[in-house]
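Trainee: I'd like a close look at one part of this chain, the charged pairs between side chains. Could you take me through them and then show me how they sit in the rest of the fold?

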Amino acid sequence: MERAKTLIEIYVLVVFALSHVFVVTAGVPRQTGSAFLTEPDNVTKVFEHGSTDTYTVTLKCQTGNGISIEKMSWKKNGVVITEDSTVVDGPDTRRLVDPVRYSTEVDTGGKYNLRIVAVSIYTAWLDEGVYQCAAFMSVGGNTEIAYSRTSQVTIYRTPRESHPFCLLNNTATEIPTNVTEGDVMELGCFSDHGVPPVILEWRKDDAKLPVDVGQSDGLLFSKYEWRASRRDSDAIFTCLSHHPGFNADKTCTIGPLDVLYQPDVILNPAEHEITRLYSAVSFTCVATGNPAVSDAITWQYDDSVIDGNDFRFKIEEGRRKLTLSNFSVVDNGIHIIKCIAQNDVGVGTAVGLVTVNIPYTTRGERTTVAFRENTTTVSKSLTKTTPSVDANSRHGNSIITIIALSSALGAMAVIALMSFIIVFACLCYRRRNEQERQKQDTKINVNCTPPIQRRTDDVELAPISVDTNDNNNHYAELMPSPPNNHVTYNIYHIYRTDKDTVRGIEQMEHFI
């Protein structure tokens, strides 16, 4: 029962709504678009910057034969601007039409065209808009309105032919010079406004760039600022000017850029580890820069420049390859290798490491060297022993042992020679002393006649005589010696034997 009541209420509401719609729309003409044989098309006129050309625009509209037309009209932007052959001149239409330049073309065949003359870039603000033709028809005593499709009248003004133009750092150049990595760069693209205004954008190798847009001195601009980097080398920057009046975008370009930058240096490999005696390793230095790096490459080993004169270091391949060899236990540790490349912009450096870890055969605290019949025996007091290494290590240890023994032999030979010299000198000195004592112990008795007297400070000296019998000579030599209270003199004894002549001396002092 309740369901039936609900259905009845819904039926009543529907009937009421339909009757209300009929009452409201009974006095309003119906709209239809099937009454037209010809409808207006969109119209676009393009004027170049500064052009004085004018055009006549005709919007066509024609109804079908046999249709009873009460009247025709044109609308612009929804406002009636003509009625039959009359151009409406009123407060609402003066901002939409110019009665002098707007007119209609009407004939008995249903043609109802709208004609606009002297269309130019200076009347674009008035002539642009949306137009539509309307036909008021009498159908069965009622008035029906048929509307044509709309027509868009568009007038474009393009920038001058030479626009846009590009600047780099406010300089009109396509390929700049002396662009160095890190320099602040500014791209500028400039153009006339145009109607509608142009849209300017920057692209780098077809990638869109974030820009700053604005206007200055009557021109629109688009600017892009950045710091030059090596990634910009050979890059081409293009400014595109978009405008609906162009058949295709207009452009201007900057580039390709030539960015100068200091060398970027890489060592390959970056690290070596050496565990075998007399091993050799190599490093390759890859340096890229603009301008290019030729042979301006320097190698360093532990901060010391490698000049290539050391037999352990070999530089080749245009100074781009370094070979190190003949590593031994004395090189154990970490060593720093540097490759330094230079060009006109700056210097680039790459650092590598050589880790030397060559094991010893044995490790000891002291070494004793013994010599016996040209045979050398080396004994060591060991605190710790390690397993023997490979053949190369044993060969290296043998060389070190031979060098140590040779040094010890040389030192022992020097010590023995010095000892012999000292002993020989001592023996000579001792023999001479013994000879002198033997001479002093010899007594020579002679008759010293006639006596010869000498006086010094009134002191009478011992007589001295010359022996003529045994052909031996004895004489005295005065040797004054301060202070004056004594006199020193030497007595010389010269005597001959069958083998040699012996000369003895005896010194005497006489005190006053």
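Mentor: Here is a walk through the salt bridges, followed by a strand sheet, a nonpolar patch and the chain as a whole.

Keep in mind that this is a predicted model. The count of salt bridges comes to 14, and a few of them are worth going through one by one.

Start with Glu201 and Arg203. These two form a salt bridge, and their closest N and O atoms lie 2.6 Å apart. Are the two partners buried or exposed? Glu201 has a relative accessible area of 8%, so it counts as buried, the cut-off being under 20%. Arg203 comes out at 26%, which puts it in the partly exposed class. So this pair has one buried partner, Glu201, and one partly exposed partner, Arg203.

Now go to Lys204, which makes a salt bridge with Asp232 at 2.7 Å, N to O. What I like here is the distance along the chain: the two residues are 28 apart in sequence, and the pair links distant parts of the chain. Lys204 belongs to strand E17, residues 199-204, while Asp232 sits in the loop between strand E20 (219-227) and strand E21 (237-242). Asp232 is buried, because its relative accessible area is just 3% and buried means under 20%. Lys204, at 21%, is partly exposed; it misses the buried class because that class needs a value under 20%.

A third pair is Lys314 with Glu316, where the closest N and O atoms are 3.8 Å apart. That still counts as a salt bridge because the rule asks for a nitrogen within 4 Å of a carboxyl oxygen. Glu316 is partly exposed, with a relative accessible area of 24%.

Charged side chains can also join up in a group. Asp98, Arg101 and Asp127 do so here, as they are linked in a network of salt bridges.

On to the sheet. Three strands make an open sheet in the order E4-E10-E9, and their pairing is antiparallel. At the edges are E4 (55-59) and E9 (102-106), each of which pairs on one side only. Neighbouring strands in this sheet are turned against each other by 25° on average, with direction ignored. If you zoom in on E4 and E10 (residues 112-119), you find an antiparallel pair held over four bridges. One residue to click on is Leu59, whose bridge partner in E10 is Leu114.

For a contrast with the charged pairs, look at the nonpolar patch on the surface. Ile334, Ile336, Val351 and Leu353 make it, and its area is about 330 Å². Strand E30 (333-342) and strand E31 (347-356) are the elements that each give two or more residues to this patch. Val351 is in E31, and with a relative accessibility of 49% it counts as partly exposed.

Finally, step back to the chain. What does its secondary structure come to? Three helices and 38 strands. Of its 512 residues, 33% count as buried. The accessible surface is about 32,400 Å², and 52% of that belongs to carbon and sulfur atoms. As for contacts between residues at least 6 apart in sequence, 58% join residues at least 24 apart. The bridge between Asp232 and Lys204, with its 28 residues of separation, is a handy example to keep on screen when you think about links between distant parts of the chain.

Technical notes:
Residues are numbered from 1 along each chain as its sequence is written. This is a predicted model: local features need pLDDT of at least 70, side-chain atom pairs count only at pLDDT 80 or more; totals for chains, interfaces and linings use all residues. Side-chain values use heavy atoms; hydrogens and water are left out. Patches are made of residues with over 30% relative accessible area and no salt bridge: like charges are joined within 9 Å, nonpolar side chains (Val, Leu, Ile, Met, Phe, Trp, Tyr) within 5 Å. Accessible areas come from the Shrake-Rupley method with a 1.4 Å probe; for residues, only the protein chains shown count as cover. Buried means under 20% relative accessible area, exposed over 50%, partly exposed in between (1.4 Å probe, protein chains only). Contact means heavy atoms within 4.5 Å. Two strands pair if DSSP finds at least two bridges between them. Axes are lines fitted to C-alpha atoms, for helices over the stretch in contact, and angles run from 0 to 180 degrees between N-to-C directions.
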